[in-house]
Amino acid sequence: MLSKKVAITDEDQEARRLIPTYARRGLSHPICRYEMPDEPMEPDDAYQLIHDELSLDGNPELNLATFVTTWMDSEADRLMTETANKNAIDWDEYPQTVELQDRCVNMLSRLYNAPEHQQSVGTATVGSSEAIHLAGLAMKWRWRKSQEAKGLPADRPNLVMGANVQVCWEKFARYFDVEPRYVPLADDRFVIGVNEAMAMVDENTIGVVGILGSTYTGEYEPVGELNAALDRLCSERGWDVPIHVDAASGGFVAPFLQPDLAWDFRLSRVRSINVSGHKYGLVYPGVGWVIWRDQSDLPQELIFTVDYLGGSHDNFGLNFSRGASQIVAQYYNFIRLGRQGYRDVMQALAETASWLAAEIEALGPFEMLGRGTDLPVVCFRLAGSPPFTVFDLSDTLRQRGWIVPAYAMAPDAEDIAVLRIVVREGLSADMAAELVSDIRAALEHLEAKTATPVSVAAAKPAGAPGGRGGRRARGRPSETNKAKKTRAIC
Ligand SMILES: Cc1ncc(COP(=O)(O)O)c(C=O)c1O
């Protein structure tokens, strides 16, 4: 978020002040909104003031827009609070934190099937965006060194990816001067097209991106097919183009739900992978990871050896200081859940997602674009031409507290506007049933408002999603919940 300095005028005194509503009765005077106050205040007054103001935010538990974790064990909360004062860059001072990061990188490289005979390397980052910038830089430098070694020009690098990439890829291309080559989507294809991608690859291509899965629909891109097609192209032309897999969300889903799907270091062209620890890695924001298959995939020139903190350490990152607590929390999840624990959680989320998709489809006026079969994400559009839009539906649901985003697809499918529900821990079976009932009520409300019938299927008593555990209590909606299904939303 880029914040702007607000112009302050003498006439507009109101805009200058923050007037506490009730924030503790002792705090009766206004304070400056955009200028640092001259005087201190008591800590509990400051706490209450901020606490009250933040209640204007949406409820994270009902935020179905985000992939990012909104719930953790209380033991993880405790560890994070205990380590909030540690800077992860202070390697010599906090060697055990470094050890935990090392263990996480080891666990991830093995989760992604890095060959044991190769020397995988990796690092924690602030999120997948930083991880992607680092991976992109490594691809660019590797390509440049290879071009220079062959005596070829190295001034026009390009990167091939689907138009559905997350904005961090556009940033990478612009910030680091790489030509982005976007494979357009189509009305019936919302991920990269393999043939279309191959047609864009040339001797200046630093890499091809495969996404696991797409931010727009949750669908996995065909990384195996990209690998095979690139193999053919490179053997014909004598190139060596790597694949980077943006597994921001899928990196903690596919290994547990689709273990036989080869998308990772099992594929020879996959040289680097990023994953967001703060998405399905189940850690609060901000931690991400980037892993290279072998240290030769990460040019040495990008690594800085830093020795002024005591000792000498290798560093590759866009940031220097960063909190240690998310790394500690990631390690907590790894040992607390283990592979079976992650599998159980992902299985429960997938069941909720596929149940939601079936129920939403049964409501009638929707066409499903994502049913939670890859990522536990449900994506749908309005079928036909009803007199309201997905944006109206999103706004109406917001009045009940649900945050279900509506947006247009990427080029060339931007005429299609969709709603997306990201199923995360915290969306219990009961809440999912409530959501379906509120979507039905929202449709009925919009229908009544526009006085145009849209054929909303009659309410039927729905069973809640599957019976498997997860870590939250799950179960069938109670009679009370069923009775609420017809409740008006507005
Ligand atoms: C596919 C994909 N890549 C990258 C990102 C950026 O991740 P982060 O928010 O961890 O920086 C996202 C975020 O949603 C994503 O969905």
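Which exposed residues does the face of helix 8 turned away from its buried side carry? Here are some friendly notes to help you find the answer.

1. **Before you start.** Residues are numbered from 1 along each chain as its sequence is written. This is a predicted model, in which local features need pLDDT of at least 70, side-chain atom pairs count only at pLDDT 80 or more, and totals for chains, interfaces and linings use all residues.

2. **The whole protein.** You will find 13 helices and 15 strands; helices (H or I, at least four residues) and strands (E, at least two) are DSSP runs, numbered from the N terminus. Of the 490 residues, 41% count as buried. Buried means that 20 or more other C-beta atoms, placed from the backbone, lie within 10 Å of a residue's own; exposed means 12 or fewer, and partly exposed is in between.

3. **Helix 8, its length.** Residues 223-237 form helix 8, whose 15 residues reach 21 Å from the first C-alpha to the last, close to the 21 Å expected at 1.5 Å a residue. That expected span is 1.5 Å times one less than the number of residues. Just after the helix comes Gly238, with a positive phi near 75 degrees.

4. **Helix 8, its two sides.** Val223, Leu226, Asn227 and Leu230 are buried in this helix. Seen down the axis, the buried residues of helix 8 fall within an arc of 95 degrees, so they line one face; the arc is taken from the directions from the helix axis to the C-beta atoms. The face turned away from the buried side carries Arg232, Ser235 and Glu236, which are exposed.

5. **What helix 8 packs against.** Its buried residues pack against helix 7 (194-198), strand 6 (205-211), strand 7 (243-246) and strand 8 (270-276). Contact here means C-beta atoms, placed from the backbone, within 7 Å.

6. **Strand 6 and its partners.** Seven of the seven residues of strand 6 are buried. Strand 6 runs parallel to strand 4 (residues 158-162), with three bridges between them, and parallel to strand 7, with four bridges. Strands pair if DSSP finds at least two bridges between them. Look for Val208 in strand 6: Val208 is the bridge partner of Val160 and stands opposite Ile243 in strand 7.

7. **Around the ligand.** The ligand is surrounded by 13 residues, the closest being Gly127, Ser128, Ser129, Thr215 and Ala248; a residue counts as near if its C-beta atom, placed from the backbone, lies within 6 Å. This shell has four nonpolar, eight polar and one charged residue.

Terms used:
Two residues are in contact if their C-beta atoms, placed from the backbone, lie within 7 Å. Ala, Val, Leu, Ile, Met, Phe, Trp, Tyr, Cys and Pro count as nonpolar, Asp, Glu, Lys and Arg as charged, and the others, Gly among them, as polar.
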